[in-house]
Amino acid sequence: MSKSVLVTGANSGIGLVTALELAGAGWEVHGSVRSPAKAEVVQQAAAERGVTVHTVQLDVDDADSCAAGVREVEERTGGLHALVNNAGYAQSGAVEDVLDVLVRRQLETNLVAPIRLARLVLPGMRARREGRIINVSSIAGRLSTPLMGWYCASKHALEAVTDALRIEVEADGVRVVLIEPGMFGTDVWSAAKEGGFPAATNARYAAAYARAESLAARSDRLPDPVWVARTIRIALSNPVPLARYLVGADAVGGVLADSLAPTVLTDYVKSIASGLRRTPIKVPFLPR
């Protein structure tokens, strides 16, 4: 009998690729979506792949919807073996430019929602003395970058609470794992593509936003998110999973560079890369 898993945000990006990857590997996959139209997207993708993915309507930002969705999946399966908290989005903008309401929305989706869902599935996992919770974070959970400060904050916080949760529930037979992808070709960058930056406080921010929008338009050149999905599959199937899985050359390289290089140097590089500062000499693809 296959083990059941709930994947949030399953209609696009890493969530959809993960749902298909796990279904192909023999898992009983239940993907959360926010509307019937998005459920159809999942069903069509599953049919094209020749696999089965069940869907459940669930809004991760709504506590009642989360409770109802988890209850529905638990009744279908007789008990979830695993939860993959993938739903999330990136809030762009300089720290001072992002309004409080948008900050709260970012933290609700990327931080509060995953732990709310973990709280809902833990009683069943604890009763069965087994289970796995995968929280999809980001390299942004380790490294802060300008113009993405609130997104980085949400992922830093998710990593901190995941570390605590991992220790708290290990004795109950539940394993908690972090996945830390670098940049992959997903619609998490769609806000920047669609001009999703806030009003700029000054001309320097405005110029950096314009540059970031042009770079985001090329996100289809980024690596295939299937590598993240395969890492999630490994984390779910390994009897003794790692606490963290870095995914992507940029993620591994970024952590090494940030650990070994002086902060003054990494700050300078990030400032140049984001367009907040100009290089003293002409360098292809960098602002001057």
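Colleague: Let's start with one residue: which loop does Leu147 lie in?
Modeller: Keep in mind that we're looking at a predicted model. Helix 5 covers residues 149-169, and Leu147 sits in the loop that links this helix with strand 5. So the place you want, going by the elements on either side, is the loop between strand 5 and helix 5.

Colleague: Is Leu147 buried or exposed?
Modeller: A residue counts as buried when its relative accessible area is under 20%. Leu147 has a relative accessibility of 8%, so the label is buried.

Colleague: What is the phi of Leu147?
Modeller: Here's some background: most residues other than glycine have a negative phi. Leu147 isn't a glycine, yet its phi is positive. The value is near 75 degrees.

Colleague: Which loop holds Arg129, the non-glycine residue with a positive phi of about 60 degrees?
Modeller: Look at what flanks Arg129: helix 4 spans 100-128 and strand 5 spans 131-136. Arg129 is in the loop between helix 4 and strand 5.

Colleague: How many residues of strand 2 are buried?
Modeller: Try one face at a time. On one side you have Glu28, His30 and Ser32, and on the other Val29, Gly31 and Val33, all of them buried. That makes strand 2 largely enclosed by the rest of the structure, because the count of buried residues is 6 of the 6.

Colleague: Which residue of strand 2 stands opposite Val5?
Modeller: Strand 1 (residues 4-7) and strand 2 run parallel, and 4 bridges join them. Across from Val5 in strand 2 you'll find Val29.

Colleague: Which residues of strand 7 are buried?
Modeller: Strand 7 covers residues 244-247, and its side chains alternate between two faces. Arg244 and Leu246 point to one face and are not buried. On the other face, the buried residues are Tyr245 and Val247.

Colleague: What is the bridge partner of Leu178 in strand 7?
Modeller: Strand 6 (residues 174-181) runs parallel to strand 7, with 4 bridges between them. Leu178 has its partner in strand 7, and that partner is Arg244.

Colleague: Which residues does Asn11 contact, leaving aside neighbours within four places in sequence?
Modeller: Asn11 is in the loop between strand 1 and helix 1 (13-24). At 17% relative accessibility, Asn11 counts as buried. With those sequence neighbours set aside, Asn11 is in contact with Leu16, Ser32, Val33, Lys38, Val41 and Val42.

Colleague: How far apart are the C-alpha atoms of Glu48 and Asp97?
Modeller: Glu48 belongs to helix 2 (residues 36-49), and with 63% relative accessibility it counts as exposed. Along the chain, Glu48 and Asp97 are 49 residues apart. In space, their C-alpha atoms are separated by 43 Å.

Colleague: Now the whole chain: what is its radius of gyration?
Modeller: The protein chain has 10 helices and 7 strands. For 288 residues the globule rule gives 19 Å, and the chain comes close to that, so it is as compact as a globular protein of that length. Its radius of gyration is 19 Å.

Colleague: What share of the contacts with a separation of 6 or more comes from residues 24 or more positions apart?
Modeller: Picture a box of roughly 60 × 40 × 35 Å, filled by the C-alpha atoms. Buried residues make up 49% of the 288 in the chain. Among contacts with a separation of 6 or more, residues 24 or more positions apart account for 69%.

How values were computed: Residues numbered from 1 in each chain as written. Predicted model: local features only at pLDDT ≥ 70, side-chain atom pairs only at ≥ 80, totals over all residues. Heavy atoms only, no water. Rg over C-alpha atoms; globule rule 2.2 N^0.38 Å. Buried < 20%, exposed > 50% of the residue type's maximum accessible area, 1.4 Å probe, protein only. Contact = heavy atoms within 4.5 Å. Pairing = 2+ DSSP bridges.
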